[in-house]
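Reader: I would like to go through the wording used for this model, term by term. Please set each value against its definition.

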Amino acid sequence: MKLVLFGRDVQLAKVEFFRYTKKIQANFKLEYEEDNYWILNFDSESTLDFQSMINHLGGVLRIIDIKQTLGTIHNLDLDTWDLYLPKKYNYSISIVHLNEEELNTVQDHAKAFVKNTKSKAVYKNPKMNGAIRIIDPSSYFSWDLESGVEYFYVKASNNKIYCGVSLGCGSTKVFKMLDTNLPARKFTHGTSFRVAKMMMNILNLEEDKTIVDPFCGTGTFLIEGLIQGYNVIGIDNDQDLINDSKLNLHWLKQELDINNTSEVVFGDSRTTEFSADACVFEPYMGPFLKKIPSEKEAEHIWEELDELYRNTFKNLSNNLSEHAQIVCILPDIPTTSQKIFTLNESVFEDNGFAYIAMPAMLKTKAKIKYDTPDGAKIIRHIYVLEKI
Ligand SMILES: C[S@@+](CC[C@H](N)C(=O)[O-])C[C@H]1O[C@@H](n2cnc3c(N)ncnc32)[C@H](O)[C@@H]1O
């Protein structure tokens, strides 16, 4: 059994996990769930590479190998866990909802285990204390817990305590590397790499297929697309951003020795012709709104966006291949009078698109809310659509 712990944007992370595991045919059964984690039984667990799974996903914090499920912490027995550790290693402990006494117990057991196995192990003490304490990714890697051990204890609301060890930790290294090293990264325009990665994983697409981003800006989706093994086409109506995208892609292809094709064209999402198998985008969403607009202001903004989105979907319908999927962000604009401006979903149907079916366990239709911490007042959803 594995415990999969999700990070921010839980709903999106769950959809990403579900779609990605489907693609790699890692089938599982859901045994138990809480808001931010799932406990899963995978078919043929021993053949799966969970560290690589974590590296591929943007929304998973940890995958934990559950070694014991306890009604009381007093039955903890690390000797039954089959831990194969080097003679010298670092270890640490992450806990969710354990009380002080339970925490002391698990610490004592870890110490005793070191003693019994006559190892030279160093306990790395996480800074924060309290009932929820999950080691942050940078400490996880700087303490080299990949080759040591992070014990993980989660007390669920059914009062069971799931005890185990981390099989890997989601890393932000690549995102940081890209944010720092890309020759042309504009934070005012750029989509977050983490969200781009999750959206790209939601696409069910084989490698070497072609993805289009009709609002490519500085090329975040194109970059993630190339990293994931796709060919990419970007369209934008701002020549400066086209140049930025070209610089970024050229750098990335050299840096990571990527041979897939990339094409970036100055054009209009409503009219530019292309040929692609799938589409991912975050479009222009109107002026940055620091405060909620009045109905009149929103109506004015929406008029422009509505025309842009309708014609973009029409153009996508004309140029995407059969059964192509679209994963895109679209805004809702709230107003001071409570009315919310949103895209009329008939646009999808009129252009031959429909929501993809989501399994009941995801408890969402293929319109997933997510928050961006940029202070903007618009509401964003991620839509997953298919050309029918
Ligand atoms: C939210 S930004 C996209 C950010 C992009 N994903 C990135 O990471 O840089 C929206 C982009 O749409 C472009 N845009 C606006 N109207 C357009 C249109 N009609 N056709 C193509 N691009 C358009 C803007 O120039 C802007 O770069």
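Reader: At what angle do helix H7 and helix H8 pack, and how far apart are their axes?

Author: This is a predicted model, where local features need pLDDT of at least 70, side-chain atom pairs count only at pLDDT 80 or more, and totals for chains, interfaces and linings use all residues. Residues are numbered from 1 along each chain as its sequence is written, and side-chain values use heavy atoms, without hydrogens and water. Helix H7 (residues 220–227) and helix H8 (residues 239–256) pack at about 20°, with axes 10 Å apart. Axes are lines fitted to C-alpha atoms over the stretch in contact, with angles from 0 to 180 degrees between N-to-C directions.

Reader: What makes H7 roughly parallel to H8?

Author: The angle is about 20°, and angles under 35 degrees count as roughly parallel, over 145 as roughly antiparallel, 65 to 115 as roughly perpendicular and the rest as oblique. H7 is therefore roughly parallel to H8.

Reader: Why are H1 and H6 called oblique to each other?

Author: The axes of helix H1 (residues 10–23) and helix H6 (residues 193–202) cross at roughly 40° and come within 8 Å. That angle falls in none of the named ranges, so H1 and H6 are oblique.

Reader: How do you know that threonine 218 makes a polar contact with the ligand?

Author: A polar contact is a pair of N or O atoms within 3.5 Å. A polar side-chain atom of threonine 218 is 2.7 Å from an oxygen atom of the ligand, so the pair qualifies. A backbone N or O atom of asparagine 237, 3.3 Å from a ligand nitrogen atom, also qualifies.

Conventions: A polar contact is a pair of N or O atoms within 3.5 Å; within protein, one must be able to donate a hydrogen and the other to accept it, and residues adjacent in sequence count only if both atoms are side-chain atoms. Helices (H or I, at least four residues) and strands (E, at least two) are DSSP runs, numbered from the N terminus.
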